[in-house]
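Dear colleague,

I am passing on a structure that you have not worked with before, and I would be grateful if you could look it over alongside the notes that follow.

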Amino acid sequence: MKVYADVLIVGTGIAGLYSALNLKNNLKVIMITKEKVDDCNSYLAQGGIATARDKYDIENYIQDTLKAGQYKNNEEVVRILAEESIDNINNLIKLGVKFDTVDGELQYTREAAHCKNRIVHCKDRTGGEVFNVLLKRVKEKSNIQIIEQSCLIDIIEKNNTCFGGIAVKNNEVINIYSKITILACGGIGGLFKNSTNVKTLTGDGISIACKHKINLKDINYIQFHPTSLYEKGENRRFLISEAVRGEGAYLLNKRGIRFVDELLPRDVVSKAILNEESKSNSECVFLDITHKNSQYIVDRFPSIYEACINKGIDMTKDRIPVTPAQHYFMGGITVDTYSRTSMNRLFACGEVSCTGVHGANRLASNSLQEALVFSRRASIIINDYIDEIELNKLEFDESYNCVNAANIRQENVKIALNELIKVRGDLKNELVNC
């Protein structure tokens, strides 16, 4: 089956949806997603979106991002993020996102390694609220089509130029020819035994980049979130947002003693927890916010409260057992400041990309802001020159069919796993077996 579009977007998280909304209305846009449209990390994001409070906060925001990233960041890109952050928050508000407010003004919270409160939020389900608004706006546009349960297995490429993608839906192979392709297909959490990510995120962008010699960067930079809900077994870990610590929760060892500054960068806190677990021969530590007003906790963190109640934990009275779990991928496909990859007509946005914003460790709540800023920048430059591109309907040399498509999906997972093991052999036991 053959399908034609001006722009193919792979992934329906916030990066994919926002890029689609910022493209010109006269462009035919096809979005594909491996499972259901909301099966993405964006939907799970709890804490909020980091933003400069005002023009006077830009430099502090930049310095906080650089310090958290161990100064391995690209400072030019960090400055773009900080300078454009306020505009993108205002744009979300115009689109209909209702961030929490106090007396009509945005309410800001604080998370680890920020020098001040600068996180806008929608209770503890910010990602889901933003996602729902963006999806609603996308569905209002007649030029955008979303195809669910369509897994990208390869791109159509010749002479280092991308001419679209090859997807599989219901055992049917679909060649989607496009002038421009945007990869917004997420990270690598599904490759780990324990992760806060959805299981469908298996490094598809990494494997495709390896097969086509597209430049990758910093794939050894993998972040573990300090506070996932501890449960026995290998499964998707429920995240206990960093905002809980930002609102005053303590980290306690099994003797009930605080052992780390809870608002240090994530990598520092994660290492401190693992060290404490090792010293005390325990599998978790405890997050305690019981000293706060009970009604405030329920109102501020309704989703986390409900999830804990369902596990038999009342966070207004009980300490929450927590342990680090794989959470975010700072590396990925190398992109420039407009999300262009090393392959012509191929862009990458969101967690699949490596903009250089995060360095060796992502500053809390910078992920959604990165997705907003750089997906919008991609759309702006695509709008500028896409009319000059002719849709190339070349015959793709490689023959894919429903028989070998499943094998190719498995092979892609192996490629991503092998690439990670090459640079992070220390994590081999944390990865799934393929």
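In these notes, a contact means heavy atoms within 4.5 Å, while helices (H or I, at least four residues) and strands (E, at least two) are DSSP runs numbered from the N terminus. Please bear in mind that this is a predicted model, in which local features need pLDDT of at least 70 and side-chain atom pairs count only at pLDDT 80 or more, whereas totals for chains, interfaces and linings use all residues. Residues are numbered from 1 along each chain as its sequence is written, and side-chain values use heavy atoms, with hydrogens and water left out.

To begin with the whole chain, its secondary structure comes to 12 helices and 19 strands. The radius of gyration, taken over C-alpha atoms, is 21 Å, close to the 22 Å that the globule rule (2.2 Å times the number of residues to the power 0.38) gives for 434 residues, so the chain is as compact as a globular protein of that length. Of the 434 residues, 61% count as buried, which here stands for under 20% relative accessible area with a 1.4 Å probe and protein chains only. Among contacts between residues at least 6 apart in sequence, 72% join residues at least 24 apart.

Helix H8 (266-280) deserves a closer look. Its 15 residues should span 21 Å at 1.5 Å a residue (counting one less than the number of residues), and this agrees with its end C-alpha atoms, which are 21 Å apart. Among the buried residues of H8 are Arg-266, Asp-267, Glu-276 and Glu-277, and what covers the buried residues of this helix includes strand E13, helix H7 (242-246) and strands E14 (250-252), E15 (285-288) and E16. Just after H8, Asn-281 takes a positive phi of about 55°.

Helix H3 (58-68) can be described in a similar way: its buried residues, including Ile-58, Tyr-61 and Asp-64, pack against strand E3 (49-50), helix H4 (75-95) and helix H11 (366-385). H3 is followed by Gln-70, whose phi is positive, near 60°.

H8 also appears in the lining of the second largest pocket, to which it gives the largest share, 5 residues. The lining residues divide into 9 nonpolar, 8 polar and 7 charged, where Ala, Val, Leu, Ile, Met, Phe, Trp, Tyr, Cys and Pro count as nonpolar, Asp, Glu, Lys and Arg as charged, and the others, Gly among them, as polar. A pocket is an open set of points on a 1 Å grid over the protein atoms alone, where a 1.4 Å probe fits, with protein on both sides within 12 Å along at least five of seven lines, and lining residues have an atom within 4 Å of a point.

With best wishes

Technical notes. Buried < 20%, exposed > 50% of the residue type's maximum accessible area, 1.4 Å probe, protein only.
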